[in-house]
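Me: Hey, can you walk me through this protein? I'd like to start with the charges and then wander around a bit.

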Amino acid sequence: AFVVNPLIVFWKIKRNPYPLVLTCLKESGVTAFFTRSSAANIPVNMALAERLRLPEDTYAVSIPLGATINMAGAASMVLVMTAAPLAAVACSYSVADGAGIIQWHLIGMFAPSFFSGRLVARFGITPVLLAGVGLMIACLAVSLLSTALVAFYLALFSLGVGWNFMVISGTTLVAQSYRPAE
């Protein structure tokens, strides 16, 4: 949030993005952190966008849509992420295997951040978003087809990458509600 996203914004607008980043963090980030809810943050972000005099026809769609995409990705991920290690232990795998499954899931969640923003810039929001949805569906398919240990690893890794793609796509929708001059 403080390094990769501002670098992407700087690359696009060729100006220091931190005044905007810090304003958004102060106005919106506190609510987001303490409520842990994209839905609760929608009115805060809408009011901030209005106060920054952003074009309403852009932010009126992008903020709720971006929040919805983020919520769908997070809800799916949290459900599967918490159940998978328990299911692995129930299938007679060790607690260490369950921990390994979560470790690979976390790698899937965060390692793509080094390139997922570039994927959105190159291919667009919709294809990357749909790739995220596809990876979540792949997680579901693998989970339903096998209880082999490798299936747990593969399912949770693809879930993490799918979550990353959905979050980056949703965040990009929100970021697009700002004009370069802002």
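Me: How far apart are the mean positions of the positive and negative charges?
Reply: They are 10 Å apart, taking the 10 positive and 6 negative charges of the protein. Keep in mind that this is a predicted model.

Me: Ok, and what about the surface? How much accessible surface is there?
Reply: About 10400 Å² for the protein, and 72% of that belongs to carbon and sulfur atoms.

Me: What share of the residues is buried?
Reply: Of the 182 residues in the protein, 33% are buried.

Me: Zooming out, how many helices and strands are there?
Reply: The protein has eight helices and zero strands. Going along the sequence, the pattern reads α-α-α-α-α-α-α-α.

Me: What are the spans along the principal axes?
Reply: The C-alpha trace covers about 55 × 30 × 25 Å.

Me: And for contacts between residues at least 6 apart in sequence, what share joins residues at least 24 apart?
Reply: That share is 75% in this protein.

Me: Let's pick one helix. Which residues of α6 are buried?
Reply: Helix α6 runs over residues 116-123, and S116, G117 and V120 are buried there. They sit on the same side of α6, because they cover an arc of only 110° around the axis.

Me: So what's on the face turned away from that buried side?
Reply: That face of α6 carries R118 and R122, which are exposed.

Me: What comes just after α6?
Reply: G124 does, and it takes a positive phi of about 100°.

Me: New topic: aromatics. How many aromatic pairs are there?
Reply: The count comes to three. One of them is Y93 with F152, with ring centres 6.1 Å apart and planes at 75°.

Me: Why is that pair edge-to-face?
Reply: Planes over 60 degrees apart count as edge-to-face, and the planes of Y93 and F152 are at 75°, so this pair qualifies.

Me: Where do those two sit in the chain?
Reply: Y93 is in the loop between α4 (56-90) and α5 (95-110), while F152 is in helix α8 (residues 149-175). They are 59 residues apart, so the pair links distant parts of the chain.

Me: Are they buried or exposed?
Reply: F152 is buried, with a relative accessible area of 10%. Y93 counts as partly exposed, at 23%.

Me: Got another pair for me?
Reply: Sure: F110 and W163 are edge-to-face too, at 5.8 Å centre to centre with 75° between the planes. F110 belongs to helix α5 and W163 to helix α8, and the two are 53 residues apart.

Me: How accessible are F110 and W163?
Reply: F110 is partly exposed, with a relative accessible area of 46%, whereas W163 is buried at 14%.

Me: Last one, E27. Where is it?
Reply: E27 lies in helix α2, which covers residues 18-35.

Me: Why does E27 count as partly exposed?
Reply: Buried means under 20% and exposed means over 50%, and E27 has a relative accessible area of 28%, so partly exposed is the right label.

Me: What does E27 touch, leaving aside neighbours within four places in sequence?
Reply: E27 is in contact with V44, L48 and R51.

Me: And how far is N41 from E27?
Reply: Their C-alpha atoms are separated by 10.0 Å, and the two residues are 14 apart along the chain.

Terms used
Residues are numbered from 1 along each chain as its sequence is written. This is a predicted model: local features need pLDDT of at least 70, side-chain atom pairs count only at pLDDT 80 or more; totals for chains, interfaces and linings use all residues. Side-chain values use heavy atoms; hydrogens and water are left out. Helices (H or I, at least four residues) and strands (E, at least two) are DSSP runs, numbered from the N terminus. Buried means under 20% relative accessible area, exposed over 50%, partly exposed in between (1.4 Å probe, protein chains only). Contact means heavy atoms within 4.5 Å. Rings of Phe, Tyr and Trp (its six-membered ring) pair if their centres lie within 6.5 Å; planes under 30 degrees apart count as stacked, over 60 as edge-to-face and the rest as tilted. Accessible areas come from the Shrake-Rupley method with a 1.4 Å probe; for residues, only the protein chains shown count as cover. Lys and Arg count as positive and Asp and Glu as negative; His and the chain ends are not counted. The place of a charge is taken as NZ of Lys, CZ of Arg, CG of Asp or CD of Glu. The arc is that of the directions from the helix axis to the C-beta atoms.
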